[in-house]
Amino acid sequence: MATVRLLTVSAAFHRHGGASSPPLPWRLLRLSNRVVRAFSSATSPPSKAVVYDEQGDPDAVCRIRELPPVPIKDEDVCVRMLAVPINPSDINRIEGVYPVRPAVPAVGGYEGVGEVHSVGSAVKELRPGDWVIPSPPFSGTWQTFVVNKQNVWHKIDKRTPMEYAATITVNPLTALRMLEDFVDLKSGDAVVQNGATSIVGQCVIQLARLRGIRSINIIRDRPGSDEVKEKLKKLGANEVFTENQLAVKSVKDLLADIPEPALGFNCVGGNSASLVLKFLKQGGTMVTYGGMSKRPIAVSAGSLIFKDLSLTGFWLQKWLGSDKSKECREMIDYLLSLTRSGELKYDLELTPFDQFPTALDKALGKLGSQPKQVIKF
């Protein structure tokens with residue numbers, strides 16, 4: 001239909017004598033502009049994407065492939081992606097071990113930031129040039145153009161650094177929710193966590209500091225641990241210990257003037273989780289949100305009987321699925337404002353899309369400890 005309308009306008013143009021004739025009437029020019037817009041936004045441009053046809057090792061199953069244009073319906077928005085992260089959960093989806101994963105063949109990725117390229121005829125709130133993020137996030141962001149309904153895109157402030165806009169949902173939002181959802185923390189209270197160098201860990205330190213909450217942080221024993229401690233303290237960490245430093249009967253003497261924490265966060269498992277439990281005060285709670293060591297959590301009977309500790313878990317995707325769209329976007333706007341003011345920052349590395357294989361190797365840990373990889377299109 002759009003092509004027919006274009007031909008009609010072209011015929012009208014020639015009836016007015018072509019390019020050498022007087023200018024077209026304003027009404028006809030407006031019609032022509034609308035027709036061209038409808039025609040040009042009927043489909044997305046072709047998209048380059050990271051695709052996997054089967055689950056398995058990401059470096060074995062992922063391929064960069066060109067995908068054909070996608071129809072843009074009335075309520076759709078076509079977004080040119082600007083940057084996307086490689087998160088551990090993205091790796092797990094490709095491996096086939098994540099609880100919720102797309103059917104294969106699939107495009108990788110779950111969050112990111114993009115610029116509106118074109119919109120369907122019924123879209124009123126967004127326009128080309130706006131910056132948006134998927135909110136709630138959805139699978140398939142590792143591609144140059146994404147088409148989806150307008151209600152899943154959240155417009156953000158374009159002054160936000162691109163790399164933070166691309167990564168604001170999965171990790172910083174996890175940190176914020178865990179600080180707010182499990183224990184009623186007040187200024188002067190304390191939290192303890194392992195995995196302190198992770199993005200969630202860095203966010204916990206800074207968000208806690210903004211609330212006057214002190215943080216006790218556990219890191220792995222490794223070369224350069226003194227530099228890591230200093231870096232975390234610059235973010236606002238009150239205490240940072242290696243796992244070996246905590247091989248003592250009682251950790252209370254290590255806390256100085258910091259109160260025993262009522263809340264702890266575990267993303268490692270194994271012995272590292274036991275160290276978090278060791279710090280918790282009577283009736284404290286440990287929240288598990290990851291298991292990087294792939295080792296089970298061992299809990300002594302005394303921790304449950306005599307200290308009355310509670311163990312629970314947090315999964316952001318489940319929280320997002322409980323009709324939290326408005327609340328989620330308000331919190332994301334708050335977190336993004338902190339990145340713009342410099343009050344929230346974390347380690348990232350922007351990598352061009354054509355170097356995706358190298359970024360994937362870094363994300364898989366094949367090149368040693370690396371910052372979070374963010375692919376820039």
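# Exercises on a predicted model

A search of the whole structure finds one cavity of 30 Å³ or more. The model is a predicted one.

## Exercise 1: the cavity

Task: State how much space lies in the largest cavity, and describe its lining.

Solution.
- Step 1. Start with the volume. The largest cavity holds about 50 Å³ of space.
- Step 2. List the lining. The residues are Y52, D90, R93, I94, P102, V107, G108, G109, Y110, S139, G140 and W142.
- Step 3. Sort them by character. Six are nonpolar, four polar and two charged. Glycine counts as polar here.
- Step 4. Find the main contributor. Helix 4 (residues 88–95) gives the largest share of the lining, three residues.

## Exercise 2: a helix pair

Task: Describe how helix 6 and helix 12 pack, and name the residues that meet.

Solution.
- Step 1. Choose the descriptors. Two packed helices are described by the angle between their axes and the distance between the axes.
- Step 2. Read both values. Helix 6 (residues 170–181) and helix 12 (residues 325–341) pack at about 105°, and their axes are 10 Å apart.
- Step 3. Classify the angle. Values from 65 to 115 degrees count as roughly perpendicular, so helix 6 is roughly perpendicular to helix 12.
- Step 4. Name the residues. Helix 6 brings P172, L173, L176 and R177. Helix 12 answers with E327, C328, M331, I332, Y334 and L335.
- Step 5. Sort the contact. Eight of its residues are nonpolar, none is polar and two are charged.

## Exercise 3: the six-stranded sheet

Task: Give the strand order of the open sheet of six strands, and explain why two strands have a free side.

Solution.
- Step 1. Recall the pairing rule. Strands of a sheet pair through backbone hydrogen bonds, either parallel or antiparallel.
- Step 2. Write the order. It is 11-10-9-12-13-14, and the pairing is parallel.
- Step 3. Look at the edges. Strand 11 (239–242) and strand 14 (310–313) each have a single partner strand, so one side of each is left without a neighbour in the sheet.
- Step 4. Add the twist. Neighbouring strands are turned by 20° against each other on average, direction ignored.
- Step 5. Zoom in on one pair. Strand 9 (residues 190–193) and strand 12 (residues 263–266) run parallel and share three bridges. V191 stands opposite L263 of strand 12.
- Step 6. Add helix 7 (residues 199–210). This helix packs on the sheet and touches strand 9, strand 10 (214–219) and strand 12. Its direction makes about 170° with that of strand 9.
- Step 7. Add helix 8 (residues 225–235). Helix 8 lies across strand 10 and strand 11, at about 155° to strand 11.

## Exercise 4: the three-stranded sheet

Task: Identify the edge strands of the open sheet of three strands, and give a bridge partner for K48.

Solution.
- Step 1. Write the order. It is 2-1-4, with antiparallel pairing.
- Step 2. Pick out the edges. Strand 2 (62–67) and strand 4 (106–107) each pair on one side only.
- Step 3. Count the bridges. Strand 1 (residues 47–52) and strand 2 run antiparallel and are joined by six bridges.
- Step 4. Locate K48. Its bridge partner in strand 2 is E66.

## Exercise 5: backbone details

Task: Locate P105, P136 and A256, and describe the backbone at each.

Solution.
- Step 1. Take P105. This proline lies in the loop between helix 4 and strand 4. The peptide bond from V104 to P105 is cis, with omega near 0°.
- Step 2. Take P136. The loop here runs between strand 6 (131–134) and strand 7 (145–149). The bond from S135 to P136 is cis, with omega near 0°.
- Step 3. Take A256. This residue sits in the loop between strand 11 and strand 12. Its phi is near 55°, a positive value in a residue other than glycine.

Key. Residues are numbered from 1 along each chain as its sequence is written. This is a predicted model: local features need pLDDT of at least 70, side-chain atom pairs count only at pLDDT 80 or more; totals for chains, interfaces and linings use all residues. Side-chain values use heavy atoms; hydrogens and water are left out. Axes are lines fitted to C-alpha atoms, for helices over the stretch in contact, and angles run from 0 to 180 degrees between N-to-C directions. Helices (H or I, at least four residues) and strands (E, at least two) are DSSP runs, numbered from the N terminus. Angles under 35 degrees count as roughly parallel, over 145 as roughly antiparallel, 65 to 115 as roughly perpendicular and the rest as oblique. Contact means heavy atoms within 4.5 Å. Two strands pair if DSSP finds at least two bridges between them. On a 1 Å grid over the protein atoms alone, a cavity is a set of points where a 1.4 Å probe fits but cannot get out, and a pocket is an open set with protein on both sides within 12 Å along at least five of seven lines; lining residues have an atom within 4 Å of a point. Grid points are joined across faces, edges and corners, and a volume is the space filled by probe spheres set on the points.
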